[in-house]
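Student: I should like to work through this structure by question and answer. Could we begin with the cysteines and then turn to the charged pairs and the surface?

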Amino acid sequence: MAKMTNCKSCGKEIATSAKTCPHCGAKNKKPFYKAVWFWILVAIIVIAIAIGGSGGDDSSSGNVDASKSNTGGGNTSDTKVVEYQKVDVDELEDALENNAAAAKDTYYKKNLEITGKLGTIDSDLKYFSLMSTTDEFDLMGIQCFIKNEDTKESVKSLSKDQTIVVKGKITDVGEVLGYSLDIDEIIPQ
């Protein structure tokens, strides 16, 4: 015997599997919360919230810029200070010239504090080159990519051939194009 229910329109007894009431013709729909698609959607939302709730921690980079840390005297145990390895352009270029593969192993995705001479500044302020302070005919240099408005404003106040210190992360190392760096901070000397 089929399961029975009452029609929501006329109140007469009908089979739960009936799409319409045979007495009044009203549709016999299940409440949406009893539909399979509804529970699948709920499961997807719950999973997305669980994943998103545990996120926000960029542990893959392993570092957080100290300038972005909480300075209000509150709990700062969740922030990590970026430690920069101090080098100059000549050291980087020598390493690349001697062995590009070893230079990549040493510097790729590393946070560096690099001292050099300001070279060409892109007119769109997307990048500038950092050149050797000792080699007058430096052709390679380091391409430093500007990632925020504060850095753009800082670069506008600099002059070609000025000695500067750039803090950032090396994003590419190659024997032809040299090094690429995403800038965190610029310190004029």
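Student: Is Cys-144 buried or exposed?

Tutor: In this predicted model, the relative accessible area of Cys-144 is 0%. Because a residue under 20% is classed as buried, Cys-144 is buried.

Student: Which cysteine sulfur is closest to that of Cys-24, and how many disulfides does the protein have?

Tutor: A disulfide is a covalent bond between the sulfur atoms of two cysteines. Cys-24, which is partly exposed at a relative accessible area of 40%, has its closest cysteine sulfur in Cys-7, at 3.7 Å. The cut-off is 2.5 Å, so this pair is too far apart for a bond. The closest sulfur is thus that of Cys-7, and the disulfide count is 0.

Student: How many salt bridges are there, and where does the one between Lys-152 and Glu-149 lie?

Tutor: Side chains of opposite charge can pair when their charged atoms come close. Between Lys-152 and Glu-149 the closest N and O atoms are 3.6 Å apart, which satisfies the 4 Å limit. The two residues are 3 apart in sequence, about one helical turn. The count is 5 salt bridges, and this one lies in helix α4, residues 149-156.

Student: Which of these two partners, Lys-152 or Glu-149, is exposed?

Tutor: Lys-152 has a relative accessibility of 22% and is therefore classed as partly exposed. The other partner has a relative accessible area of 52%, and the residue that counts as exposed is Glu-149.

Student: What is the distance between the closest N and O atoms of Lys-156 and Glu-153?

Tutor: These residues also sit in helix α4, 3 residues apart, and so about one helical turn separates them. Lys-156 is exposed, at 55%, whereas Glu-153 is partly exposed, at 47%. They form a salt bridge whose closest N and O atoms are separated by 3.3 Å.

Student: Which strands does the salt bridge between Glu-185 and Lys-167 link?

Tutor: The closest N and O atoms of Glu-185 and Lys-167 are 3.9 Å apart. This pair connects distant parts of the chain, with the two positions 18 residues apart in numbering. Glu-185 belongs to residues 178-188 and Lys-167 to residues 163-174, that is, to strands β8 and β7 respectively.

Student: Is Lys-167 buried or exposed, and which residues share its salt-bridge network?

Tutor: Its partner Glu-185 is partly exposed, at 37% relative accessibility. Lys-167 has a relative accessible area of 17%, and because the limit for burial is 20%, Lys-167 is buried. The residues linked with Lys-167 in a network of salt bridges are Glu-113 and Glu-185.

Student: Which residues make the nonpolar surface patch of about 430 Å²?

Tutor: One member, Leu-41, lies in helix α1, residues 36-54. Leu-41 is partly exposed, with a relative accessible area of 42%, and so passes the 30% required of patch residues. The patch is made by Trp-37, Leu-41, Ile-45 and Ile-49.

Student: What share of the exposed area do carbon and sulfur atoms supply?

Tutor: Of the 189 residues in the protein, 30% are buried. The protein exposes about 12800 Å², and the share supplied by carbon and sulfur atoms is 52%.

Student: In what order do the elements run from the N terminus?

Tutor: The protein has 4 helices and 8 strands. Among contacts between residues at least 6 apart in sequence, 50% join residues at least 24 apart. From the N terminus, the order is β-β-α-β-α-α-β-β-β-α-β-β.

Technical notes
Residues are numbered from 1 along each chain as its sequence is written. This is a predicted model: local features need pLDDT of at least 70, side-chain atom pairs count only at pLDDT 80 or more; totals for chains, interfaces and linings use all residues. Side-chain values use heavy atoms; hydrogens and water are left out. Buried means under 20% relative accessible area, exposed over 50%, partly exposed in between (1.4 Å probe, protein chains only). Contact means heavy atoms within 4.5 Å. Accessible areas come from the Shrake-Rupley method with a 1.4 Å probe; for residues, only the protein chains shown count as cover. Patches are made of residues with over 30% relative accessible area and no salt bridge: like charges are joined within 9 Å, nonpolar side chains (Val, Leu, Ile, Met, Phe, Trp, Tyr) within 5 Å. A salt bridge is a side-chain nitrogen of Lys or Arg within 4 Å of a carboxyl oxygen of Asp or Glu.
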